[in-house]
Amino acid sequence: MLLKNKILCLSGLVMLSAAMGAQAKEVVLRALMEDVPETHIIEQMLPQFEQETGIKVQFEKIGYGDMHDKLVAQLIAPQSYYNLLEVDFLWAGEFPTANWLTDLTPLVKKSKFDTRAFIPSTVSLLNHDPEKLYILPMYNYSMGLIYRTDLLTDKTVAQLYQDATQKTLALPKTLEDYVTLAKFIKQKQGIAGAAMQGQRGDPNSMEFSNYLFAAGGEYLDGKNQVVLNSPAGKQALTLYVDAIKNAAQDGALSATLDDTMRLMCSGKAFSMITYWWMLPQLDNQKACPAVAGKLALAPMPGGHGESGGWGWGIPKNVSPEEKQAAWTFIQWVQSKHVETERALQGHAPVRADVYKDPAVLAKFPYYQTAEQVVATGKSFPIFTYSAQYEDVLGTQLSQVAGGNGSIDAALAESATQLEKLLKK
Amino acid sequence: MLTKTSAVCLRKPKPGVAGFDRFRLTGWAFASPGLLALAVVLGFPVIYALMLAFSSFTLMRPALAPFAGIDNFTSVLSDKAFWSAAWLTVKYSLITVAGEFIVGLGIALMLNRVVKTRPLYFALLTIPMAMSPVCVGLIWRMLLQPNLGIVNHLLESWGWPRVDWLGSPTLAFLTMAFIDIWQQMSFVVLILAAGLAALPREPYEAAEMDGARHWQQFWYITLPMLRPVAAITVVIQLINELRTYDLPYVLTRGGPGTATEVLSFFAYRRAFLGLSINEGAAAALALLLIVLAMTVVFFAMLERRR
């Protein structure tokens with residue numbers, strides 16, 4: 001009896017140690033991902049990757065607003081829980097400066113991964129040191145105008161618009177025209193002229209950037225000097241405040257991207273300035289029957305919108321095995337065939353060859369417009385304190401749109417704070 | 001008459017090592033594990049926060065040295081946003097604690113008269129308290145969504161206009177306070193109900209015989225006798241409210257503008273968006289001082305009235 005027990009114990013221990021050994025060798029990739037369609041598209045394809053490589057991947061999906069803090073806590077720890085990073089372009093100044101990311105250059109060279117296929121602007125948006133590659137583009141989020149074609153072609157609406165403004169109803173070419181149209185729709189149609197994401201911070205900073213670029217303004221000039229406080233800046237902020245007050249939905253000052261999506265989807269808004277890849281999500285009979293087939297995409301009125309992007313990175317504070325597994329995943333997910341597969345489900349490509357893929361263009365003809373949106377997009381200032389500047393600018397925008405303070409003062413303060421943070 | 005055991009306990013203890021008698025040493029021995037745990041979980045974070053607040057530790061340069069003196073405090077205290085957040089925090093705490101106490105006391109008094117279904121009411125009342133503030137914030141955010149939320153839908157169906165609950169700078173603050181009162185009130189109800197149940201019956205019987213009315217009984221008997229329990233409840237809630245962070249984070253992110261930016265949110269912004277953990281720690285210590293000051297003032301007022 002005693003001998004039997006001993007044998008049982010011994011075999012149990014052997015099995016346990018074998019299992020532990022196997023577990024030690026197995027790398028599980030863990031990534032904190034923004035809960036957006038792009039993530040869902042990749043998530044659906046993960047079993048394919050696991051089958052091909054044997055590497056398991058886990059996505060933890062959360063809202064954008066919580067991502068930065070959650071990542072920073074891991075990146076400053078001795079060992080990061082996340083061994084694969086989804087990095088926003090707004091953090092592309094901060095993360096490498098803080099020495100939190102692995103330089104991907106040696107991995108690229110060793111694996112002979114061809115990075116030339118990527119649209120150069122999507123790479124430079126995320127990497128500021130020409131000698132090093134810390135972040136490989138994942139998808140772009142250039143912003144454009146998504147609008148209701150049924151309202152824009154409605155004869156009654158056209159007549160009313162003509163009577164009210166003495167102008168022909170058409171897709172607006174300037175920012176001023178867009179705000180006028182959005183205000184008119186709200187007044188006469190009883191729905192929001194613009195679904196706006198006015199919550200302080202990332203939502204309103206990104207939205208305002210479109211107004212700024214569309215009005216011909218800039219944050220910085222070619223010499224990195226702050227030029228925000230300019231006549232174009234003033235016009236942009238004036239029109240932004242006007243739109244929030246007179247064209248947007250009720251509660252726009254507390255609205256996020258999700259709120260605007262739901263509003264547009266319910267058919268209670270005429271337009272929204274948003275990421276171009278929101279179009280397939282909204283123009284979807286199953287998800288948004290109220291607006292499916294009635295939507296179109298256009299570059300931002302005025303010619304330029306905000307352009308951003310996400311990329312893949314690998315934390316410095318993870319094991320070499322985890323780094324290798326993460327790089328295997330990055331190569332796979334950004335390869336031509338996987339990106340094309342993703343694009344066929346609505347992904348916003350970063351490889352030029354995917355935009356020209358016949359299958360992609362056949363399924364989504366508006367990808368031609370999307371390429372235009374990407375090509376004309378301009379970037380929010382990227383530096384170490386970009387995330388803080390978003391908050392600073394967002395506070396000023398929110399205050400002035402809420403009726404506190406003047407446009408001149410808000411613009412001056414936003415410019416001063418940008419100068420201060422650039423020097424910090 | 002004393003029993004044998006109690007007589008032994010009351011016997012004068014013999015003097016022991018280094019001036020400590022055996023009785024005291026036993027007490028310390030029993031208390032030491034708890035004190036050690038407290039020192040680790042309470043003492044260490046406070047000391048570390050102090051070190052951070054006087055250091056040059058930022059996320060870009062994560063090192064305590066060089067010593068920064070009072071630079072971080074000067075930087076935080078010279079920021080107008082700090083004083084605005086501090087004032088808002090005090091105002092918010094006073095409004096929410098007053099609301100929780102008044103409504104909570106009313107419900108506790110009503111429950112004091114209920115006998116049969118009291119456990120059911122208590123069970124229902126503990127639901128908000130058992131929910132995490134983040135869940136509460138998300139649920140209310142959906143309910144109060146201005147265009148698609150159920151609250152405005154109901155208002156409209158009754159012929160009333162829609163309300164911009166979280167998008168209006170003036171209303172957002174009050175809405176947040178209301179949600180906080182809704183959640184925290186159940187704690188106040190439970191404590192006050194327990195206090196009311198423990199009150200002796202004799203003073204009420206005497207008052208009834210003397211012909212005292214209900215409000216007179218409440219004013220001259222219930223309130224004075226309930227004061228110790230009420231005071232503790234108010235202090236606990238005051239400390240809770242001064243530290244509020246979850247609700248503004250989930251509901252408004254401190255906006256619109258800075259309409260709901262409380263001090264803990266200000267400290268978070270400094271630490272994680274400004275990447276200056278040292279300044280965040282300085283702001284958090286300033287908040288700690290405000291909490292301590294308000295608690296001391298409250299107890300001093302109570303002592304004076306006793």
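What covers the buried residues of α11(A)? Here are some notes on this predicted model, starting with that helix.

1. The cover over the buried residues of α11(A) includes four helices of chain A: α9 (175-189), α10 (202-214), α19 (386-401) and α20 (407-423). The residues beneath are G233(A), A236(A), L237(A), L239(A), Y240(A), A243(A) and I244(A), which are buried in α11(A). They sit on the same side of α11(A), because the arc they cover around the axis is only 165 degrees. The general background will be familiar to you: an α-helix has 3.6 residues a turn, so residues three or four places apart point the same way.

2. The length of α11(A) is worth a quick check too. This helix runs over residues 231-246, and its 16 residues should span 22 Å at 1.5 Å a residue. The end C-alpha atoms are 22 Å apart, which agrees.

3. One of the covering helices, α19(A), deserves its own point. From first C-alpha to last, its 16 residues reach 22 Å, close to the 22 Å expected at 1.5 Å a residue. In α19(A), 16 of the 16 residues are buried, so this helix is largely enclosed by the rest of the structure. Just after α19(A) comes G403(A), with a positive phi of about 95 degrees.

4. Two residues other than glycine also have positive phi, so to speak a pair for your backbone checks: K112(A), near 55 degrees, and N224(A), near 65 degrees. K112(A) lies in the loop between α5 (105-111) and α6 (120-124) of chain A. With 6 other C-beta atoms within 10 Å, K112(A) is exposed. N224(A) is found in the loop between α10 and α11 of chain A; this residue is exposed as well, with 10 other C-beta atoms within 10 Å.

5. Now the domains. Chain A is divided into domain 1 (28-140 + 308-376) and domain 2 (143-306 + 383-423), and their C-alpha centres lie 28 Å apart. In the contact between them, 19 residues of domain 1 of chain A meet 20 residues of domain 2 of chain A. On the domain 1 side, α3 (64-75), α4 (94-97) and α18 (367-376) of chain A each supply at least two residues. α18(A) gives the most, with five residues. By class, the domain 1 side has nine nonpolar, nine polar and one charged.

6. The contact between the chains takes 30 residues from chain A and 25 residues from chain B. On the chain B side, the elements giving two or more residues are α8 (169-197) and α12 (263-273) of chain B. The largest share there, three residues, comes from α12(B). The chain B side is made up of twelve nonpolar, nine polar and four charged residues.

7. If you are preparing chain B, please note its cis peptide bonds. One joins A65(B) and P66(B), with omega about 0 degrees; P66(B) is in the loop between α2 (22-53) and α3 (71-77) of chain B. Another joins G255(B) and P256(B), where omega is about -5 degrees. P256(B) has its place in the loop between α11 (246-251) and α12 of chain B.

8. Finally, confidence. Chain A has a mean pLDDT of 91, and 94% of its residues reach 70 or more. Over residues 18-24 of chain A, however, the pLDDT is below 50, and this stretch has zero contacts in the model beyond near neighbours in sequence.

Note on methods
Residues numbered from 1 in each chain as written. Chains lettered and ligands numbered in written order. Predicted model: local features only at pLDDT ≥ 70, side-chain atom pairs only at ≥ 80, totals over all residues. Contact = placed C-beta atoms within 7 Å. Nonpolar A, V, L, I, M, F, W, Y, C, P; charged D, E, K, R; others polar. Domains from an automatic or database assignment. Expected span 1.5 Å × (residues − 1). Buried ≥ 20, exposed ≤ 12 C-beta atoms within 10 Å, placed from the backbone. Arc of directions from axis to C-beta. pLDDT = per-residue confidence, 0-100.
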